[in-house]
Amino acid sequence: MLPNDPETVRSALLRWTRGDETAADFLAEIAAIARLADNIVDEDEHRQRNVCWLLIRTLTQLPLNPFFIRYAATLAPLINSVIVQWQLSDEWRSSRDALKRQFGFVMREAVGSIVTAVAAICGGYDHAKTATEDFFELCHAGSRETVEDWIRD
């Protein structure tokens, strides 16, 4: 999950996109969509409002983003893959198979692969690798959550 500080987030997005404002805006939109979707699944409060916000973001804002328009053929299948992994992660959370639970724990964060793809588009392989490491440090390195914690949650 991205930090709560907007300046820290914007700075990171611009690093990962090599200063491409529309690519950074695309990643910000994806992050907001992912957070809204997670809130809708996890919380009863403000569900109607959150669904409306999710629909606005996915049906009117994201399709108009110039970076998304330019790379939609590349990004759409990746976004589909991330959605599949997110859904399976939730299903596998309660699996009797320990390996599925472990994979589910990791796959729930598949949205990070969109950062990697955007960084690759903006700066190639080496930049994508650096951006992915930076993304991990910013969003995950401080977490001590275990598979067992996630399953109980």
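Where is the place of histidine 46? In this predicted model, histidine 46 sits in the loop between α2 and α3. Its phi is positive, at about 60 degrees, although histidine 46 is not a glycine. With a relative accessibility of 41%, histidine 46 counts as partly exposed, because the partly exposed class covers values between the 20% limit for buried and the 50% limit for exposed.

A second residue with this backbone feature is arginine 18, whose phi is near 55 degrees, a positive value in a residue other than glycine. Arginine 18 lies in the loop between α1 and α2. Its relative accessibility is 57%, so arginine 18 counts as exposed. Leaving out residues up to four places away in sequence, arginine 18 touches Cys122, Gly123 and His127. Two of these pairings can be described by C-alpha distances. Arginine 18 and cysteine 122 are separated by 104 residues in sequence, but their C-alpha atoms are 6.4 Å apart. For arginine 18 and histidine 127, the separation is 109 residues in sequence and 8.7 Å from C-alpha to C-alpha.

Histidine 127 belongs to helix α6, which spans residues 112–139. Its relative accessibility is 12%, and histidine 127 therefore counts as buried. When neighbours within four places in sequence are set aside, the contacts of histidine 127 are with Arg15, Trp16, Thr17, Arg18 and Ala119. For arginine 15, the backbone oxygen is 3.4 Å from a polar atom of the histidine 127 side chain.

The helices on either side of the loop that holds arginine 18 also meet each other. Helix α1 covers residues 6–16 and helix α2 covers residues 21–42; their axes come within 8 Å and cross at roughly 125 degrees. At this angle α1 and α2 are oblique to each other, because the value lies outside the ranges for roughly parallel, roughly antiparallel and roughly perpendicular. The crossing in which α1 passes α2 is right-handed. On the α1 side the contact is made by Arg10, Leu13, Leu14 and Trp16, and on the α2 side by Glu21, Ala24, Asp25, Leu27 and Ala28. Sorted by class, the contact of α1 with α2 comprises six nonpolar and three charged residues, with no polar ones.

Helix α2 also packs against α6, the helix that carries histidine 127. The axes of α2 and α6 are 11 Å apart, at an angle of about 175 degrees. The two helices are therefore roughly antiparallel, since angles over 145 degrees fall in that class. In this contact Ala23, Phe26, Leu27 and Ile30 of α2 meet Ile114, Val115, Val118 and Cys122 of α6. The residues of the contact of α2 with α6 divide into eight nonpolar, no polar and no charged. Cys122 of α6 appears both in this contact and among the residues touched by arginine 18.

A further partner of α2 is helix α4, which runs over residues 66–92. The axes of α2 and α4 come within 12 Å and cross at roughly 30 degrees. This makes α2 roughly parallel to α4, because the angle is under the limit of 35 degrees. The crossing of α2 over α4 is right-handed. Residues Thr22, Ala23, Phe26, Ile30, Ala37, Asp38 and Val41 of α2 meet Pro66, Phe67, Phe68, Arg70, Leu75, Ile79 and Trp86 of α4. By class, the contact of α2 with α4 has eleven nonpolar residues, one polar residue and two charged residues. Ala23, Phe26 and Ile30 of α2 take part in the contact with α4 and also in the contact with α6.

Two buried residues with polar side chains complete the description. Serine 89 is located in helix α4. At a relative accessibility of 2%, serine 89 counts as buried. Apart from residues up to four places away in sequence, serine 89 touches Gly104, Met107, Arg108 and Trp150. Asparagine 50 is placed in helix α3, residues 47–61. The relative accessible area of asparagine 50 is 2%, and this residue is buried. On the same sequence criterion, asparagine 50 touches Leu36, Asn39, Ile40 and Glu45.

Key
Residues numbered from 1 in each chain as written. Predicted model: local features only at pLDDT ≥ 70, side-chain atom pairs only at ≥ 80, totals over all residues. Heavy atoms only, no water. Axes fitted to C-alpha atoms, helices over the stretch in contact; angles between N-to-C directions. Helix = DSSP H or I, 4+ residues; strand = E, 2+ residues; numbered from the N terminus. Parallel < 35°, antiparallel > 145°, perpendicular 65-115°, else oblique. Left-handed = near helix turned anticlockwise from the far one by under 90°. Contact = heavy atoms within 4.5 Å. Nonpolar A, V, L, I, M, F, W, Y, C, P; charged D, E, K, R; others polar. Buried < 20%, exposed > 50% of the residue type's maximum accessible area, 1.4 Å probe, protein only. Polar contact = N/O pair within 3.5 Å; in protein donor to acceptor, adjacent residues only side chain to side chain.
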